[in-house]
Amino acid sequence: YQAYQAGKVDATFVPTVYLARWKGKNELHQYPAGTVDYLVPNTHVAPFDNVHCRLAVAYAIDRKTIADRVLHGTVRPSYTVVPKGMLGYYDGNDNPHYDLARARAELARCPSRTVPFELKYGNTTPDIVNAVTAVGTMLSQAGLNVKLIGLTVQDWIQTVSQSLDATHTQLVFSSWSQDYPDPQDYCTLLLRSGQPLNVGGWHNAAYDRLVDRAEVTLDPTKRAALYIQAQHLALSQGAMLMIDNELSSKLIKPYVHGLVTTEPYNDAVAKGLNWANVAISKH
């Protein structure tokens, strides 16, 4: 961002604290992106080996407050695994939303509700720190015994890239950006039994059957319905605890032409995915 201001680079993402100063200027491009932020519980250890403790977290998170007041409108609340703009997205109204009374009720049903746990996160940007700090406060208000642990970038990557058992992690803040714009890249890779990126170790045979069927279903309507059913099953069990879907804010110099933004990707890309369409005019 500093290099952009100094004229050393032609494009950059905008830290949210500086976003207001660019509002209304033609250099600012804001668009939905395919990145989702969420918590992953270790379903093998207390307290999150119990579904009610997982759901207590799911109902304790006030996603709208995080989106509007903590992250200044640079994300939107997320209630589904698949982000908006992709096949299989739906409003997620049947999945957990913020409800403090429900969070406390779920916690009361969890035998290990008093077990202390650490919420680990990558101490990388002010936005992440602020969002996780807000989540920690919300969990405490629901009665959960949480402690926040900031990790270096490398330690965080190692944590979210392998079984949480290996790093003795109970709960971790994670993000996912798809490799390709398809629900399989979210629903199968992150939650199906046996997948390396299902780091929380959640296992549900019914879920596995749904996503396996979706992978070989050609009809888009039927395929979307299978992924919707699978997402509801996973989120109603607290397999993932969704927080937000990121919105990208990018500055592009006015002399750069031929870059476009699109929801399934996380960056400005060449029009038609052909870099021959991108040009730099005299400046």
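1. Let's start with the runner-up: the second largest pocket holds about 210 Å³ of space. Keep in mind throughout that this is a predicted model. The second largest pocket has 20 lining residues, and those nearest its centre are Tyr 38, Val 160, Ser 174, Leu 190 and Leu 197.

2. What is the lining of the second largest pocket made of, by class? It has 14 nonpolar residues and 6 polar ones, with no charged residues. As for where they come from, at least two residues each are supplied by strand 2, helix 6 (153-160), strand 6 and helix 7 (184-191).

3. Now the largest pocket, which comes in at about 680 Å³. It is lined by 28 residues, and the closest to its centre are Thr 16, Thr 125, Asp 127, Ile 128 and Glu 246. Here the lining does include charge: 4 charged residues, alongside 13 nonpolar and 11 polar.

4. Which elements build the wall of the largest pocket? Strand 2 (28-41), helix 5 (126-141), strand 6 (171-177) and strand 7 (241-252) each put in at least two residues. Strand 7 gives the most, with 5 residues. Note that strand 2 and strand 6 also each supply at least two residues to the second largest pocket, so I'd look at both pockets with those strands in view.5. Strand 7 deserves a paragraph of its own. Of its 12 residues, 10 are buried, which leaves the strand mostly covered. Strand 2 pairs with strand 7 through 9 bridges, running antiparallel. One pairing to find on screen is Asp 37, whose bridge partner in strand 7 is Asp 244.

6. Strand 7 has other antiparallel neighbours too. Strand 1 (residues 11-13) is joined to strand 7 by 3 bridges, and Phe 13 has Lys 250 as its bridge partner there. Strand 3 (residues 75-77) is likewise antiparallel to strand 7, with 3 bridges between them. In that pairing, Val 75 is matched with Glu 246. Glu 246 is also one of the residues closest to the centre of the largest pocket.

7. On to the cysteines. How many disulfides does a search of the whole structure find? The count is 1, and the pair is Cys 53 with Cys 110, sulfur atoms 2.1 Å apart. The link is left-handed, at -100° about the S-S bond. Cys 53 sits in helix 2 (residues 51-60), while Cys 110 is in the loop between helix 4 (100-108) and strand 4 (117-122), so the disulfide ties together parts 57 residues apart in sequence.

8. Are these cysteines buried or exposed? Cys 53 has a relative accessible area of 0%, so it is buried. Cys 110 is buried as well, because its relative accessibility is 0%. Cys 187 also counts as buried, again because its relative accessibility is 0%.

9. Last, the enclosed space. The structure has 1 cavity of 30 Å³ or more, and the largest cavity contains about 50 Å³ of space. Its lining is Ala 58, Arg 63, Ser 78, Tyr 79, Asn 95, Pro 96, Leu 235, Met 240, Leu 241 and Met 242. By class, that is 7 nonpolar, 2 polar and 1 charged.

Key. Residues are numbered from 1 along each chain as its sequence is written. This is a predicted model: local features need pLDDT of at least 70, side-chain atom pairs count only at pLDDT 80 or more; totals for chains, interfaces and linings use all residues. Side-chain values use heavy atoms; hydrogens and water are left out. On a 1 Å grid over the protein atoms alone, a cavity is a set of points where a 1.4 Å probe fits but cannot get out, and a pocket is an open set with protein on both sides within 12 Å along at least five of seven lines; lining residues have an atom within 4 Å of a point. Grid points are joined across faces, edges and corners, and a volume is the space filled by probe spheres set on the points. Helices (H or I, at least four residues) and strands (E, at least two) are DSSP runs, numbered from the N terminus. Ala, Val, Leu, Ile, Met, Phe, Trp, Tyr, Cys and Pro count as nonpolar, Asp, Glu, Lys and Arg as charged, and the others, Gly among them, as polar. A disulfide is a pair of cysteine sulfur atoms within 2.5 Å. Buried means under 20% relative accessible area, exposed over 50%, partly exposed in between (1.4 Å probe, protein chains only). Two strands pair if DSSP finds at least two bridges between them.
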